[in-house]
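Colleague: Could you walk me through this model? I'd like to talk about charged pairs and then about empty space inside.

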Amino acid sequence: MKRHLVGTVAIAAATLLVLSGCAGGDSAGGEGAPIKIGSVNTISGPATFPEASKAAAAVFDAVNADGGVNGHKIEYKALDDKGDPATATASARELVGSDEVVALVGGASLLECEINQGYYTQESILSIPGIGVDTGCFNTPNIAPANVGPFNDMTLTLLYGSETLKLDNICVLLEIAGSTRPTYQAAIDRWTEITGKKPLYIDDTLPYGAPDYTPYIVKAKDAGCKALAVNPIEPDAIGQVKAANAQGWDDVTWLYLTSVYSDNFAKAISDAGAGIYVPAEFYPFTEANDITADWQSLMAENDIPLTAFSQGGYLAATYFIDVLKGIEGDITRESVTKALHEMAPIENPMSGTPWVFGTAETHADQVAGWPIKLTSGTNKWELSGDDWLRIPSN
C-alpha cells in the first residue's frame, strides 16, 4: 500500500449530483437473476487501498462457488477512483445509476465517502466500506464502515499511551488530507474529555510522502515530547522512525494507528526507540490463531496480502452476506436497505464491537482496538494486551 502527497479533497464535486440517473436497483428481482454489488476504491493514484475490495471479491466468489444466495449469484464490480474527486463521483453514478447495484460493499477510498454521501442519500442506497478513511464515512446515515477508522483509532492510541503506558508529554503529529483536521481534533478532544489530559502540542503540517521528516522530528524532540501520536501509513511511518534514529532519539515512544500494522513495516524497523504501539482495529493476525484462520485461508487462496485492510473488506462482505441470507423474496435495493435497517447486531471475534447498520444518523460506533507492539531488535509485532481496548461510553 502506498501513500504520497494528497491534495485537498474538492468537495465541490458534489455539485455533480445533477449527473445522477434513476436507479431501479432490482438486480435480483427475478428467478436466477444476479445480485449486483459494487464498490468505489482508491486502487491507483496518490494513495492505494486495493486489499479491501479484493478481499470482498474473494468472499463473494466463495459464496458463488457454493451456489450463491438463495439461488442468486453475486456480480461484484470494484471501480478505481484514482484518488480523484471527479472520478469518485462518476464511479458512484456508474454503479448506482447505470448498473443499479443493490448496495456498495467492501470498498476503501481516500475520499469517496465525503464526495458521494449526499448522492447515496438521494438514491436511497446504503454503503458498507471495508475501510472507512475520510470523515464522510462516519457522519452519514447511509454509510457504515466495518472498521474503527482513523479518528477513533487516534483516540484509542492516545488512551493506551496515557492510561496503560502512563506516558506524559504526548505530542500529536498529523498528516491531513481533505477536511479531516476537525475530525482528528474531535478525536483528540475526546481523549481529553476522558482523561483530563492534553497533548503537549499538535503539529498538523506533516506532509504525505515527505523525503525527510527530520525537521518535524527535531521540533518534537526539542519541545520535550516523550511520546508521539501520529497518523501516517507504512512508508511515512518508516521515514519518521528512521529520522528519530538518525537524531539519536532512542527513548521516544511511538503511538501509531492501524495503518502501520504490517509485516513489511516490522521488517523495516530495527530501532523502535522506547517501543511502537498500535491499537489494531481487528484481531491481530501476525500470530497464528483460530480467530483469523478462515480469513487467512481465504486470503492465501487468492494471493491477497494479510493486512488490516483485507480484514475490513472480508468482514464487510461477510456481514453483508449474513444479511442477504435473511431476506425473504426478491433481493432488491429496497429489500436490502430494509434488511440492513432492521438487522440485529452481528458479532464476530475479529472485531471488538458488534457491527450493525441500523437507522442511526452517524456510524462511528466501532470503538475497540487490540493493543500490539513492536520493540527494538525483534522485527516482529507482538500482542501487548489480552483483551480489547475500548473507548468508554459518554
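Modeller: What follows goes through salt bridges and then one of the cavities. This is a predicted model, in which local features need pLDDT of at least 70 and side-chain atom pairs count only at pLDDT 80 or more, while totals for chains, interfaces and linings use all residues. Residues are numbered from 1 along each chain as its sequence is written, and side-chain values use heavy atoms, with hydrogens and water left out.

Colleague: How many salt bridges does the structure hold?

Modeller: The structure holds seven salt bridges, each being a side-chain nitrogen of Lys or Arg within 4 Å of a carboxyl oxygen of Asp or Glu.

Colleague: Which residues are linked in a network of salt bridges?

Modeller: Lys77, Glu94 and Asp99 are linked in such a network. Glu94 and Lys77 meet through their side chains at 2.7 Å, N to O, and this pair links distant parts of the chain, with Glu94 in helix H2 (residues 85-98) and Lys77 in strand S2 (residues 74-80), 17 residues apart. Helices (H or I, at least four residues) and strands (E, at least two) are DSSP runs, numbered from the N terminus.

Colleague: And how far apart are the closest N and O atoms of Lys77 and Asp99?

Modeller: In the salt bridge between Lys77 and Asp99 the closest N and O atoms are 2.9 Å apart. Asp99 sits in the loop between H2 and strand S3 (103-105), 22 residues from Lys77.

Colleague: Is Lys77 buried or exposed?

Modeller: Lys77 is partly exposed, with a relative accessible area of 31%, and Glu94 is also partly exposed, at 32%. Buried means under 20% relative accessible area, exposed over 50%, and partly exposed in between, using a 1.4 Å probe and protein chains only.

Colleague: Changing topic, how many cavities of 30 Å³ or more are there?

Modeller: There are three. On a 1 Å grid over the protein atoms alone, a cavity is a set of points where a 1.4 Å probe fits but cannot get out, and lining residues have an atom within 4 Å of a point. Grid points are joined across faces, edges and corners, and a volume is the space filled by probe spheres set on the points.

Colleague: What lines the second largest cavity?

Modeller: The second largest cavity holds about 80 Å³ of space and is lined by 15 residues, with Val40, Gly107, Ala108, Glu112 and Pro129 nearest its centre. Strand S1 (35-41), S3, helix H3 (112-122) and strand S4 (127-128) are the elements that give two or more residues to this lining.

Methods
1 Å grid on protein atoms, 1.4 Å probe; cavity = no way out; pocket = protein on both sides within 12 Å on 5 of 7 lines; lining within 4 Å.
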